[in-house]
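Trainee: Could you take a close look at the inside of one chain for me? Pick a residue to begin with and work outwards until you reach the neighbouring chain.

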Amino acid sequence: MESLILQAASRFMMPLFLSFSLFLLLRGHDLPGGGFIGGLVFSAAFALHALTFGLESARQTLRVEPKSLLGTGLALAILAGILAVVQGYDFLTGLWSTFQTPMGELKLGTPLLFDLGVFLVVIGTMTTIAFELFAEGEQWNP
Amino acid sequence: MTALDTAILIPFALALVAPWAVRFLGPLAPAVYALGALATGGLVLGAARSEGGGFWSADVVRTWHPGVGVEWALKVQPLGLTMALLITGIGAMIFLYAAGYFGKKPGLPRLYGLLAAFMGSMVGVVTADDAITLFIFWELTSVTSYLLIGFNPTERARNYAFQALWITGAGGLILLAGLVLMGLAAGTFRLSEMGSFADHPFYTAILVLVVLGCATKSAQFPFHFWLPNAMDAPTPVSAYLHSATMVKAGVFLLARLDPLLGGTALWSTTLQILGGTTLVVGSILALHHTDLMKLLAYTTVAALGALTMLIGLAGTEGPLAAKAFGYFLVAHALYKGALFMIAGAVDHEAKTRDVQLLSGLRRTMPATFVPAVLAGLAMIGFVPFLGFLAKEYKLASALSVAFPWTLIAALAGAIGSAFVAARVVGIFWGKPSEKAGAAHEAPPTMLVGPYLMSLLGLGLGAADLATGGAYLKGLAGILGPEPGTMPEALAMTALALSLASIVVGVAVAANWGRLQFAWQGFVARVKVGPERVHEAGIAGLRSLADRHTRIVQHGMLRHYFAQFFGVSAAVIGTMLLTRHGLPSFVSHTDPVPFEVTVALLAVIGAGAAVFSNSRLAAVAMLGISGFAVAAVYLFFGAPDLAMTQLLVETLAVILFVLVFRLLPRFRRLSSGGARIRDAAVSLGFGAVMTCVVLAVVQAHAPAPISTFHAEGSAPLAKGTNVVNTILVDFRALDTFGEITVLALAALGVIALLRLTPEKEEKWSR
């Protein structure tokens, strides 16, 4: 789609979308957000990018193959569960540790890792579907 | 972690790292893997020794699924120890052998990984004391052997692998039913804590299920055909699976359960008939084959039949048959493993395994010739090989039973093994054939196994004979009490029969050139066998599935929708009306203008979508509905849901737009009747869902789970966003299931879009 307005807007929107999506992912445990919503925002950004600049450009910007995000995400989610098993808890028990940093308390735990897995799987799924449909479209209406 | 846990862990760990370890270790890999196998065997042996006296070990028990009484329980018993030593000892030689067999060809890491995983599963089977633990390892052997049999990337290997999986897998399910019944009847799944079931009302059912399960695994008639077919695998696999391990699992389990199920006429007779028939069928079917592997495979079927028959005989004849079982179990594993390896070495060097094309290999492969003769003599049952002892006791125990079938079977087996041994070892005699002349000696790694195993068979037998049966005392007692001395008359009769059967077997083999045509003519006329029945059954199942799919999976999206929503509305509506009744439609609060506006927007959006004349407009209208729902979420304090709804709506519109480019022009295709039907389904589903939601809101659950989540969120899950703590902590396993579904859906989209026949060519590049 050769729309100047869309292209100009997209250039500004992409970084905003992407940082917003990470923001949602990280704040999700305490405030509205989380891996699922963050992943949707991320995917929306790339769907928009593909609509504006074409599939090839979107693929290059994403850098990784969308399919590989599916496996990576699932592996991270399993890892989050296994970490608890290794410590002697049930599969997927949340483990937390708190670190003192100059900027305040930092709370890290396996649920964040799990949420990161969800985030990646959602991105992988949505971008895979979008990119496949784009490719299909370009094949019939080049 | 105890020695037994470690023993099972080692092979699986070796399997996991195989893809990297085998490449990284290079020429050291066979030695490392062989040592790993020996370490496993050593640990099992060590565990057994630690419990003074007999070869029993302490129990290893961990809770696994306490709710259903399933435990991770291991215990070594004499029979299990014997099996574990065979499995790991032969496994070690197979690792060496495979390295020589594969040489520089690729695929060794995969083979090593699968072999190691298979070995671990087998060790698990023979050391498990909990019936369910045992079953899980049992199934693991089925799965790993499926992968091993189908190792070669050919259509035929895949089919035969599937055949093996299908038969042993179906048998596994039957076995599971039997084991569960045993657990219910005994009140425990621990085999060592169960008593005899002979008087229990479930006895007959348990016996039938267990025997069927074991018969499929150990290739008993009429399930025998998968085993010779599985010879399509690379030789190391055939040698390992079919000499000592996989196929002996069924026999092992029958023997292991003998104290619990045995001691009745039903058990003894069933096993005698089943085993005897398998022994006869295996021996007869071996006759017309000329492929080295097939010849050996059918005698393996016969040997498994003999072992099953001996378990049955042990019930009525006691000690003699029990001793024969112990001897034959070990003797067969040793000579059959050696012969399979030798057959593979011949195939590897002479490029054929057809006995008609091979002769005079003695000259070109002298180092292979020696173990071949030794293993062949053990198979025939020559003094002082262990095979001789096994055959003596086998014939003696068959002689002392009044049931003639067992004696006929034992004789058929003796003649058959003499025949096959003569055929197999015969390829080393005579003038070198064209193929044999071009052969070279096999690499040393391929000969270690045959030498060790055939010499072990000789040494063990000789030692036992020299000490008057004292050397292998433990082995003799694995199935029952140690017998006293055999009556001399019985021993002499057995010896005479044994000699006669050797003479007959070897004579037939020597004159097979003349006899075979008559036999082939007979074989060609047999049109119906279990394998044909099995094939017809599979074909029938496929065509049934085909017809079923055509009716249920017609590929029409709108009919799927109509079916799905129609059935859901009918089922849920019926349940609601019969169990709960209609909810109240009276509101207790006054409508708020904002809510009314949003609800109206949703209704207008849905209505406009239905009557729209363009796809894009319809999607936009649906979007309005979706945004209105998001507004409702927001209004009632569910920002997470609202955000998700908004994002999903947005992405859905983008995806729709992408799809629209590919669709033909918008037209009305449904007839008036179809449109009325669709409207009825939609309205019906909507009405039912409305009632369900109202009913849920009006119902007063005693203690809603949401209170627990809301109160526990911060202290238990360390987060204040309840929606998120539910997703990633309280119900993380559900979320994990959902993201798995998402990933699969994405793969499904790829498959749907890419794998159409027209595109297959394009993507297969």
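Mentor: Happy to; let me begin with contact, which means heavy atoms within 4.5 Å. By that rule B:Thr141 has a well-defined list of partners once neighbours within four places in sequence are set aside: B:Phe118, B:Ser121, B:Met122, B:Val125, B:Lys217 and B:Met246. Keep in mind that this is a predicted model, where local features need pLDDT of at least 70 and side-chain atom pairs need 80 or more, while totals for chains, interfaces and linings use all residues. Residues count from 1 along each written sequence, chains are lettered from A and ligands numbered from 1 as written, and side-chain values use heavy atoms, without hydrogens or water.

B:Thr141 belongs to helix H5 of chain B, residues 131-149 (helices, H or I of at least four residues, and strands, E of at least two, are DSSP runs numbered from the N terminus). Its relative accessibility is 0%, so B:Thr141 counts as buried (under 20% relative accessible area is buried, over 50% exposed and in between partly exposed, with a 1.4 Å probe and protein chains only).

Now move along the chain to B:Pro228, which is found in helix H8, residues 226-229. B:Pro228 has a relative accessible area of 1% and is therefore buried. Its partners, again without residues up to four places away in sequence, are B:Lys294, B:Ala297, B:Tyr298 and B:Val301. If you measure from B:Pro228 to B:Thr245 on screen, C-alpha to C-alpha, you should find 15 Å for a sequence separation of 17 residues.

B:Lys294 and B:Tyr298 turn up again among the residues touched by B:His289. The rest of that list, which leaves out residues up to four places away in sequence, is B:Leu295 and B:Arg423. B:His289 is in the loop that runs between helix H11 (265-286) and helix H12 (292-317) of chain B. This loop residue has a relative accessible area of 15%, so B:His289 is buried too.

Let me set these spots in the whole of chain B. The chain has 765 residues, 49% of them buried. Its secondary structure comes to 32 helices and two strands, and its C-alpha atoms fill a box of roughly 105 × 55 × 50 Å along the principal axes. Taking the contacts in chain B with a separation of 6 or more, 77% are between residues 24 or more positions apart.

Charged pairs come next. A salt bridge puts a side-chain nitrogen of Lys or Arg within 4 Å of a carboxyl oxygen of Asp or Glu, and the structure holds 13 of them over all chains. In chain B, B:Arg353 and B:Asp347 form one at 3.9 Å, N to O. B:Arg353 is buried, because its relative accessibility is 19%, and B:Asp347 is buried at 18%. Elsewhere in the chain, B:Asp129, B:Arg190, B:Glu193 and B:Arg256 are joined into one network by salt bridges that share partners.

Helix H6 of chain B (residues 155-186) offers another setting. There, B:Arg158 and B:Glu155 are three residues apart, so about one helical turn separates them. Their salt bridge has its closest N and O atoms 3.4 Å apart. B:Arg158 is partly exposed at 44%, whereas B:Glu155 is exposed at 53%.

Chain A has its own example: A:Lys67 and A:Glu65 meet with an N to O distance of 2.9 Å. Both ends are partly exposed, A:Lys67 at 30% and A:Glu65 at 36%.

That brings us to the neighbouring chain. The contact takes 46 residues from chain A and 39 from chain B. Together the two chains bury about 3900 Å², with 75% of that on carbon and sulfur atoms (buried area is the accessible area, 1.4 Å probe, that two parts lose on being put together, summed over both). On the side of chain A, A:His29, A:Glu132 and A:Leu133 lose the most area to chain B, together 15% of what that side buries.

A:Glu132 comes back in the salt bridge with B:Arg754, whose closest N and O atoms are 2.8 Å apart. The rule finds one salt bridge across this interface. Helix H2 (35-53), helix H4 (66-86) and helix H5 (110-140) of chain A each supply at least two residues of the side that touches chain B. The largest share of that side, 18 residues, comes from H5(A).
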